[in-house]
Amino acid sequence: MESQEEVEATRIQQQQPSSTYSLFITVMSKRRTWVCLFVLVYTILLSSSWNLLKSVLSWYKEQSQVATSSGWPALYASVLLGAVFGLLSMVAALAVAVPATLVIWITVVVLLAFFGKPRRALVIEGRKITREIIGFVFKILLKEGNFVAAVCAVLGYFALVRRNYEAD
């Protein structure tokens with residue numbers, strides 16, 4: 001009888017989450033935690049992009065002093081700057097798009113459930129909807145990121161060339 005009680009106690013103990021897991025879930029369920037993570041990630045992104053921006057501009061300054069007649073360093077620097085700002089805008093758009101996408105996905109799945117879809121069909125439809133939404137969001141992010149990168153590269157090129165001619 002005791003061995004059966006021990007087995008039952010062990011089974012109940014295994015079903016309960018560990019204290020570390022409970023603490024993790026409690027901390028992550030707070031809105032403040034997500035806001036702090038959001039701010040931390042954007043701080044890291046901005047500081048790394050700022051450092052990259054400074055290094056690209058210092059590289060351009062060195063190259064423009066060596067070869068004054070060529071416009072290639074300005075082109076390279078502007079493409080790098082455009083790529084950095086394009087990626088940064090894609091990350092910013094993704095941070096806004098993920099919660100909105102989740103709300104849309106939940107709304108569609110709940111509406112399908114209200115209209116009497118069986119559970120098995122609901123799971124299949126949910127997977128299809130997830131694939132479609134992720135594909136759609138990815139396409140939009142790429143288009144917007146490429147657009148921002150192109151605009152920043154063109155503006156950066158003209159700003160660097162103008163700066164180079166004013167220095168002469």
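**Residues 74-91.** I started with this span in the predicted model. Residues 74-91 are 100% helix and 0% strand. I took the C-alpha atoms at the two ends and got a separation of 26 Å.

**Residues 136-160.** I ran the same lookup here. Helix accounts for 100% of this span and strand for 0%. Its end C-alpha atoms are 36 Å apart.

**Annotation.** I checked what the record says about these spans. The UniProt entry, which is unreviewed, annotates residues 32-53, 74-91, 97-115 and 136-160 as "transmembrane region". I note this as coming from the record.

**Whole chain.** I then counted elements. The chain has 5 helices and 0 strands. Read from the N terminus, the order is α-α-α-α-α. I also looked up burial: of the 168 residues, 20% are buried.

**Helix α4, Val-109.** I placed Val-109 in helix α4, which covers residues 72-114. Is Val-109 buried or exposed? Its relative accessibility is 17%, so I logged Val-109 as buried, the limit being under 20%. I then looked at Leu-122, 13 residues from Val-109 in sequence. The C-alpha atoms of Val-109 and Leu-122 are 7.3 Å apart.

**Helix α4, Ile-106.** Ile-106 also sits in helix α4. I read a relative accessibility of 46% for Ile-106, so this residue counts as partly exposed. Which patch includes Ile-106? I found a nonpolar one on the surface, of about 910 Å². Its members are Leu-94, Val-98, Leu-102, Trp-105, Ile-106, Val-110, Leu-111, Phe-114 and Phe-115. The 46% of Ile-106 fits the entry rule for patches, because that rule asks for over 30% relative accessible area.

**Helix α5, Thr-130.** I moved on to helix α5, where Thr-130 lies. Thr-130 has a relative accessible area of 27% and is partly exposed. I checked Thr-130 against Thr-101, which is 29 residues away along the chain. Their C-alpha atoms are separated by 9.4 Å.

**Helix α5, Arg-127.** Arg-127 is placed in helix α5 as well, and I noted residues 119-167 as the extent of that helix. Why does Arg-127 count as exposed? Its relative accessibility is 55%, and the class begins over 50%, so Arg-127 qualifies. I then asked which residues gather with Arg-127 in a patch of positive charge. They are Lys-117, Lys-128 and Arg-131. This patch is on the surface.

**Recap.** I have two surface patches on file. One is nonpolar and includes Ile-106. The other carries positive charge and includes Arg-127. For burial, I keep Val-109 as a buried residue of the predicted model.

Definitions and conventions
Residues are numbered from 1 along each chain as its sequence is written. This is a predicted model: local features need pLDDT of at least 70, side-chain atom pairs count only at pLDDT 80 or more; totals for chains, interfaces and linings use all residues. Side-chain values use heavy atoms; hydrogens and water are left out. Patches are made of residues with over 30% relative accessible area and no salt bridge: like charges are joined within 9 Å, nonpolar side chains (Val, Leu, Ile, Met, Phe, Trp, Tyr) within 5 Å. Accessible areas come from the Shrake-Rupley method with a 1.4 Å probe; for residues, only the protein chains shown count as cover. A salt bridge is a side-chain nitrogen of Lys or Arg within 4 Å of a carboxyl oxygen of Asp or Glu. Lys and Arg count as positive and Asp and Glu as negative; His and the chain ends are not counted. The place of a charge is taken as NZ of Lys, CZ of Arg, CG of Asp or CD of Glu. Helices (H or I, at least four residues) and strands (E, at least two) are DSSP runs, numbered from the N terminus. Buried means under 20% relative accessible area, exposed over 50%, partly exposed in between (1.4 Å probe, protein chains only). UniProt positions are given in the numbering used here, feature names are shortened, and annotations may be inferred rather than shown by experiment.
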